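Good morning, and thank you for joining this meeting. Please look at the structure on the screen while I walk through it region by region.

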Amino acid sequence: MILNLIPAVKALHIHQGFLTNRTIYAPLSGLDERLRLALNKLPQSESGTPLEIRIADREGESYTLSIREDRISIEATGTAGAFYAIQTLRQIFTHDQIPCLEIEDAPDFAYRGFYHDVTRGKIPTVETLKNLIDRMAYHKLNSLQLYVEHTYEFEEYKALRESTGCLTKAQMLEIGAYCRENFIDFVPSLSTFGHLFELLEQPQYQHLQVRRDCEPLPNRWRARMMHHTIDPRNPQSIDLIGSLIDQYVPLFDSGLFNICCDETFDLHSYDAQGVDSGKLYVDFVKKIIAQVQKHGKQVMMWADILLKYPETIDQVPEDILFLNWCYDAQPKEERVIRLAQSGRKQIVCPGTTSWSRLCENVGVAEQNISRMVEYGRRHGAVGVLNTNWGDWGNPCSLELATYGLVLGAEKSWSAETAVDEDFCSRVNALVYQHENGVQTLKTLSRMHDLVDWDDFCSAYYYHRYGHRSEKKDRRTDATAVQKLYGELVERLSAESWVEDEFRQEMLLAAEGVCVMAELWAKLLGEPVSRLTDTRQWLKKYAEKWLEKNQPNELYRIQEMFCYCEDV
């Protein structure tokens, strides 16, 4: 018998016979409250199959799960291990028959995280984030980070709250409490050096920009990714960053704090003045680290800039956890090797490749996640942090980044898993609950490959404002997109999925890709008959957005599509 489990377990032995009673009875007295909540997600009755849980101590994530015809037992090295055994049992209970079996299981990586962007266009509701946490726990992830620049109610952003939206203190504490219930470490992540667009655009802080000579860009999505590095030479900079850190730390009980410090592009402008930008970088980073360490937290940070200045790595305190990211389909192993050779602890960071798209790029994500995890395993990384960014307006729903999330969970627990038909079948069974789930997503992803969101946005900004980025108008075959769209919609519309939200989001994304292709052809002066209605699609898209997220920058997407429709 084949069992659908994600992640795959380390050892599975199936015996003769089947569980006779598909409900459980578990004495709850003395159990950790979190285990009691997890057990409540299983069918229970007073006459159910007795379930016994034995825990060796309070630490450890490994477990043994035994199912016999008339009893179930869990033995775990720690409370977290018992929690993961319950998740495995929940997945087993989705099968028509439950065989007698023995499972021995343990993770390959101690740190198994998911990183979600709540800054660049879309702030999820608390309910949406709780649903994300449920999915993470079900697949044994143990850390969540939210990428924050201005989207918390910092005093320094008070004037922007109404226009940009934010997560409140009460909401952050609620998210943290829900993470604790699910054995997920809620780690603060805050931009503290580069990527400070909204902070440094405010008049009272503009003097702290490294580059104050840059022409304002009408393309706000691109502007926020460039030229907003805080000046490490100005003493006011560390005071400002210190204030943000001091406000943010008390919201979290995690022992970790991610200071980011990535992509500080503008520091290179000092090179022409004979200033060592590498030294400038590391000196300011050390000040930020000291500010975090005052609160007793261990610092995490992105490793990209230090890898450009390898001579500076030794100047950073030894207990820093380096987040080594690369999102290419063929990531370079050299980046992981260099940090390993430095003797520093690192976490490898692949990505879902859902950013700048209406759905994840499955082909790239499969290769990127698999290779980065392989490199991490080979070179002694302590964990995996799978990233889900929101570049260029964050148009993708969480549902259409879920395949990448689940793949990251699979590989960070069971690194040797092959991404093959068996894995896809398990995803279909446990995630989409439809036999065509992954196949449909891959079809949608290939269709989206014909229409690039970044290029479409750039074309809009050029035609409306005369602003040309380094990207140029790339032609797309609207007729080919329409053909694929028609085929996909015909098939999807005839299907019924248990998890129908995934099907609905795929239909919506497919229609959006077709709208883009048709509008793009129009912008380029190419005649094309319409299959879609821009405003009808926008209405459906906005309804879905607002079901799950704050309004935030939805209006920017609406403005773009309406302009392209009316031009």
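I begin with the interior. In this predicted model, the largest nonpolar core contains 176 residues. The residues with the most contacts inside this core are Leu 144, Tyr 248, Ile 259, Tyr 432 and Phe 561. Helix α18, residues 500–523, contributes the largest share of the core, namely 15 residues. There is also a second, separate core of 17 residues, and Tyr 115, Cys 260, Leu 323 and Trp 389 are among its members.

Let us stay with Ile 259 for a moment. Which residues does Ile 259 touch, not counting residues up to four places away in sequence? They are Leu 190, Ser 191, Thr 192, Val 285, Ile 288, Ile 289, Val 292, Val 299, Met 300 and Met 301.

Several of the elements in that region belong together. Strand β10, residues 256–258, runs parallel to strand β11, and three bridges join the two. Within this pairing, Phe 257 stands opposite Val 299 of β11. Together with helix α9, residues 277–293, the strands β10 and β11 form a β-α-β unit that is right-handed. Strand β11 covers residues 298–302 and is mostly covered, with four of its five residues buried. Three bridges also join β11 to strand β12, residues 321–325, and these two run parallel as well. Here Trp 302 stands opposite Leu 323 in β12. That Leu 323 is one of the residues of the second core.

I turn now to the strands early in the chain. Strand β2, residues 24–25, and strand β3, residues 49–55, run parallel and are joined by two bridges. Tyr 25 has Pro 50 as its bridge partner in β3. Is the crossover from β2 to β3 left-handed or right-handed? The chain passes through helix α1, residues 33–39, on its way from β2 to β3, and this β-α-β crossover is left-handed. Strand β3 is also joined by five bridges to strand β5, residues 71–76, again in parallel. In that pairing, Glu 52 stands opposite Ser 73 of β5.

After β3 comes a loop leading to β4, residues 63–68, and Glu 59 lies in this loop. Its relative accessible area is 61%, and the cut-off for exposed is over 50%, so Glu 59 counts as exposed. Glu 59 nevertheless touches Thr 77 and Gly 78, leaving out residues up to four places away in sequence. The C-alpha atoms of Glu 59 and Thr 79 are separated by 6.6 Å, although these residues are 20 apart along the chain.

For contrast, consider Thr 164, found in helix α4, residues 161–164. With a relative accessible area of 15%, against a cut-off of under 20%, Thr 164 is therefore buried. Beyond its neighbours within four places in sequence, Thr 164 is in contact with Ile 123, His 150, Glu 198 and Asn 552.

Finally, I come to the largest pocket. It holds about 910 Å³ of space. Its lining consists of 43 residues, and those closest to the centre are Asn 131, Arg 135, Glu 399, Thr 402 and Phe 502. Which element gives the most to this lining? That is α3, with seven residues. The elements that each supply at least two lining residues are β7 (111–117), α3 (126–138), α13 (402–413), α14 (421–432), α18 and α19 (534–548). Helix α18 thus returns here, having already given the largest share of the largest core.

Thank you for your attention.

Key. Residues numbered from 1 in each chain as written. Predicted model: local features only at pLDDT ≥ 70, side-chain atom pairs only at ≥ 80, totals over all residues. Heavy atoms only, no water. Core = buried A, V, L, I, M, F, W, Y, C linked by side-chain atoms within 4.5 Å. Buried < 20%, exposed > 50% of the residue type's maximum accessible area, 1.4 Å probe, protein only. Contact = heavy atoms within 4.5 Å. Pairing = 2+ DSSP bridges. Right-handed = clockwise from strand over helix to strand, strands pointing away. 1 Å grid on protein atoms, 1.4 Å probe; cavity = no way out; pocket = protein on both sides within 12 Å on 5 of 7 lines; lining within 4 Å. Points joined across faces, edges and corners; volume = space filled by probe spheres on them.
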